[in-house]
Amino acid sequence: MVRLTNITGAFLLSLVLAIPAWASEVTVDLSNPLVQITAGFSGTDLLIFGVAPDDGDVVIVVRGPIQSEVVRRKERVFGVWVNREEVVFDDVPAFYTMASNRPLDEFMPSGIAHVHQIGVENIQMVPRAEYADVKDWEEYRIALIRNKERQDLFKWEPVDLIFLPNRLFRATVRFPANVSVGTFGIDAYLVRKGELAGWETTLLNVRKFGVEASIFSFAHRHSLAYGVLAIIIAALAGWAANAAFRRS
Amino acid sequence: MQIYLPIAEISVNIFLILGMGGGVGFLSGLFGVGGGFLMTPLLIFSGIPPAVAVATEANQIVASSVSGVLAHWRRGNVDFKMGSVLLFGGVLGSSFGVWLFTFLRDSGQIDLVIKLSYVVFLTIVGGLMLIESIKSMMMRRRDIRAKAHTHNWMHGLPFKMRFRKSRLYISALLPIAIGFFVGLLAAIMGVGGGFVMVPAMIYLLGMPTAVVVGTSLFQIIFVTANVTVLQAVNNQTVDVVLAMLLMVGGVIGAQIGARFGGRLRGEHLRGLLALIVLGVCFTLFLDLVQTPADIFSLGGVVMH
């Protein structure tokens, strides 16, 4: 129920913000609306740029597709560390990073940060219903953020957003090699005098391309054929190796 | 140079993987062992998810066993009948193993079980090898021939079969049970299981040493092939790109290793291998008992 109110609230707010006079205050775009994961992919930098009045502050939030994550806690059993209790969180963004022109605590009212989920501590991740009775789930939520941060998928601190002449701004966001595929939301928020003065969203697609994409989809869609093919390749490789080294 | 692995979904250094394949291939050529029990832990240490490491290594072992069995087959050192009976147990065991693997993965215990299995089996195998090689280095006595075979309760079991090549007349239940157990290990640990199969064939079944390795390799091909297909179907964890890189490195390494192996004495080789095995084992053991940097971990994306 609480979440439903939040969603409704965010929706109404977005309707209010869709008023053209406000929407024009901040615009945002990307150097490339598509990140391609190919055989040589080892992460990539994405340039985000836009226009905003220089009497306000801008924060950009990049959010990956929503997933469910299981967080497990280890306990010592007979000297060995074993996974014991677990909590599943829904609505976890696969990726979360920000860019802003100065530290958030200098201009961002906590109310806006909370409603718009700006800052990793404000991401509204709640345990799935069957885990609601885990009393210390808050600890699991913090651990989820910490683990995501260790994998370079969450960033606690925003990266630099630089204002250029003519009200232009730009920021470079790093996408690591282990980034998830899917549709990413990129939101630019303009904050002036403690009020949200503008907000614009653009989308980014992260997709696998080429051989990697074909192998992945083949392995998932025709897993039996994939397994058989893997064996045939291995058997041929073994036979070829034997034949090659027998002659020499 | 980085390469993105499509199933593991991570980017790895291509030369690191080729080097690991070559290094383990070298050792397996040098010692005449499969190398799965070294490769899988190395893959896990280098950041490949354990589930992917185990399934992919099974795929690679298909290649190395095919290559190995051909050489033994040419010399007539494969007992196909015994191999098939072992295989019958192996297919049952590995199928059960993959089912168990999927179950353990879903309940978050697979990493623990993989590592624990390694610690237990590597301790036993490494320890026995070390003791044996030290003994033979000290005594240097040759030709302590094993008795043909002693009669015990095993020979009272039903379903007796004659294995001409192995010169045995024993119950089929025994090789089926051994095959089942080794198949289970293959599925959970990502190994061929030769390090358990070979001693079991010699000491439990009483097979002649000449046909042991070829017959073991013969059944390993099909057991690991079974594991590969079942892992691909149930868990989608077989990474063919990774497997092919390992195969390339492994094949070259094994050939070089085999040439070096001829220059070293048997008991020295076994002693050296025992130390490597115990080293890997100790590293995994530390991993299990040391307080982890973070007692919380992510178990991956779960479905609704």
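**Notes on a predicted model: chains A and B**

1. Let's start with how chain B holds together. If you take its contacts between residues at least 6 apart in sequence, 81% of them join residues at least 24 apart. Keep in mind that this is a predicted model.

2. What is chain B built from? Its secondary structure comes to 10 helices and five strands. The radius of gyration is 19 Å, close to the 19 Å that the globule rule gives for 304 residues, so chain B is as compact as a globular protein of that length.

3. For a feel of the dimensions, picture a box of roughly 55 × 45 × 40 Å along the principal axes: the C-alpha atoms of chain B fill it. Of the 304 residues in chain B, 52% are buried.

4. Now over to chain A, which is split into two parts: domain 1 covers 19–208, and domain 2 covers 209–248. Taken over C-alpha atoms, the centres of domain 1 and domain 2 of chain A are separated by 39 Å.

5. How many residues does each domain of chain A bring to the contact? Domain 1 of chain A gives six residues, and domain 2 of chain A gives six residues as well.

6. Which elements should you look at on the domain 1 side? In chain A, β2 (34–37) and β12 (195–208) are the ones that give two or more residues to the side of domain 1 that touches domain 2. By class, that side of domain 1 of chain A has two nonpolar, two polar and two charged residues.

Note on methods:
Residues numbered from 1 in each chain as written. Chains lettered and ligands numbered in written order. Predicted model: local features only at pLDDT ≥ 70, side-chain atom pairs only at ≥ 80, totals over all residues. Helix = DSSP H or I, 4+ residues; strand = E, 2+ residues; numbered from the N terminus. Rg over C-alpha atoms; globule rule 2.2 N^0.38 Å. Buried ≥ 20, exposed ≤ 12 C-beta atoms within 10 Å, placed from the backbone. Contact = placed C-beta atoms within 7 Å. Domains from an automatic or database assignment. Nonpolar A, V, L, I, M, F, W, Y, C, P; charged D, E, K, R; others polar.
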